[in-house]
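Visitor: I should like to go through this chain step by step. Could you take my questions as they come?

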Amino acid sequence: MRSNDAGFTLVEVLVALAIVGVALAASVRAVGLIAQNNAALRAKSLALVEAENQMAELRLARIMPSPGRQLVNCPQGGQAMQCEQVFPNSDNTNIRQVMIRVHPDGDPDRVLAQVNGFLSALP
């Protein structure tokens with residue numbers, strides 16, 4: 001005996017719930033990826049600001065560092081970072097090339113930002 005009542009069967013409701021569940025799972029994954037990318041972009045932005053600050057400090061100090069490499073702790077925005085300052089040899093004693101790399105503290109293989117520039121002993 002069939003009823004003429006309008007409505008959804010149990011199978012239709014279960015299929016609809018499965019579709020909604022898959023859509024919700026996909027949206028939660030997308031939100032997680034967006035948050036992860038946001039954190040990575042924030043870290044790279046702060047590292048770039050710190051690298052530019054280190055370069056400005058070196059230029060304002062008006063000293064010619066000796067060739068070599070220095071590691072400096074450079075926290076920025078509540079994040080622990082290390083700045084690696086590299087001063088290669090040059091034939092011209094009045095100009096020194098500088099490369100500043102910013103690494104997360106404890107991970108020297110990962111470079112968040114790098115800035116290259118020159119220091120001059122001339123006024």
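The conversation below moves through strands, core, salt bridges and surface.

Guide: Please note at the outset that this is a predicted model.

Visitor: Understood. Let us start with the strands. How do β1 and β2 pair, and over how many bridges?

Guide: Strand β1, residues 68-73, pairs with β2 in the antiparallel sense, and six bridges join them. One of the positions involved is V72, whose bridge partner in β2 is C83.

Visitor: And what stands opposite C83 in β3?

Guide: That is V102. Strand β3 covers residues 95-104, and its pairing with β2 is antiparallel over six bridges.

Visitor: How many bridges join β3 to β4?

Guide: Eight bridges join them, and the two strands run antiparallel. Within this pairing, R96 stands opposite L119 in β4.

Visitor: Is β2 mostly covered or uncovered?

Guide: Mostly covered. Strand β2 spans residues 81-87, and six of its seven residues are buried.

Visitor: Which residues make up the covered face of β4?

Guide: The covered face consists of A113, V115, G117 and L119, whereas Q114, N116, F118 and S120 form the uncovered one. In a regular strand, side chains alternate between the two faces of the sheet.

Visitor: Let us turn to the interior. Which residues of the largest nonpolar core touch the most other members?

Guide: The core has 16 residues, and those touching the most other members are A47, L58, M81, V98, I100 and V102. The elements giving two or more residues to this core are α1, β2, β3 and β4 (113-120).

Visitor: Which element gives the most?

Guide: Helix α1 gives the most to this core, with five residues. As a general tendency in soluble globular proteins, nonpolar side chains are buried together.

Visitor: What is V98 in contact with, leaving aside its neighbours within four places in sequence?

Guide: With that exclusion, V98 is in contact with M55, L58, V86, F87, V115, N116, G117 and L119.

Visitor: I noticed Q54 as well. Where does Q54 lie, and is Q54 buried or exposed?

Guide: Q54 lies in helix α1, which comprises residues 10-61. Its relative accessibility is 7%, so Q54 counts as buried.

Visitor: What does Q54 touch?

Guide: Not counting residues up to four places away in sequence, Q54 touches C74, C83, Q85 and I100. C83 is also the residue that pairs with V72 and stands opposite V102.

Visitor: New topic: charges. How many salt bridges are there?

Guide: The count comes to two salt bridges. In one of them R69 is joined to E84, with the closest N and O atoms 2.8 Å apart. R69 lies in strand β1 and E84 in strand β2, so this pair ties together parts that are 15 residues apart in sequence.

Visitor: And the other one: what does E84 meet?

Guide: The side chains of E84 and R101 meet in a salt bridge at 3.6 Å, N to O. This pair links distant parts of the chain, E84 being in strand β2 and R101 in strand β3, 17 residues apart. R69, E84 and R101 are thus linked in a network of salt bridges.

Visitor: Which of these count as buried, and which as exposed?

Guide: E84 counts as buried because its relative accessibility is 9%. R69, at 54%, counts as exposed, and R101, at 23%, counts as partly exposed.

Visitor: What else does R69 touch?

Guide: Not counting residues up to four places away in sequence, R69 touches E84, Q85 and V86. By contrast, R69 and A30 are 41 Å apart, C-alpha to C-alpha, with their positions 39 residues apart in sequence.

Visitor: Finally, the surface. Which residues form the nonpolar patch there?

Guide: F8, L10, V13, L14 and L17 form the patch, with about 570 Å² of accessible area together. F8 is found in the segment before α1, and at 72% relative accessibility F8 counts as exposed.

Visitor: What about L60: buried or exposed?

Guide: L60 counts as exposed, since its relative accessibility is 74%. L60 is found in helix α1, and its C-alpha atom is separated by 9.6 Å from that of L119, a residue 59 places away along the chain.

Notes: Residues are numbered from 1 along each chain as its sequence is written. This is a predicted model: local features need pLDDT of at least 70, side-chain atom pairs count only at pLDDT 80 or more; totals for chains, interfaces and linings use all residues. Side-chain values use heavy atoms; hydrogens and water are left out. Helices (H or I, at least four residues) and strands (E, at least two) are DSSP runs, numbered from the N terminus. Buried means under 20% relative accessible area, exposed over 50%, partly exposed in between (1.4 Å probe, protein chains only). Contact means heavy atoms within 4.5 Å. Two strands pair if DSSP finds at least two bridges between them. Patches are made of residues with over 30% relative accessible area and no salt bridge: like charges are joined within 9 Å, nonpolar side chains (Val, Leu, Ile, Met, Phe, Trp, Tyr) within 5 Å. Accessible areas come from the Shrake-Rupley method with a 1.4 Å probe; for residues, only the protein chains shown count as cover. A salt bridge is a side-chain nitrogen of Lys or Arg within 4 Å of a carboxyl oxygen of Asp or Glu. A nonpolar core is a set of buried Ala, Val, Leu, Ile, Met, Phe, Trp, Tyr and Cys residues joined through side-chain atoms within 4.5 Å.
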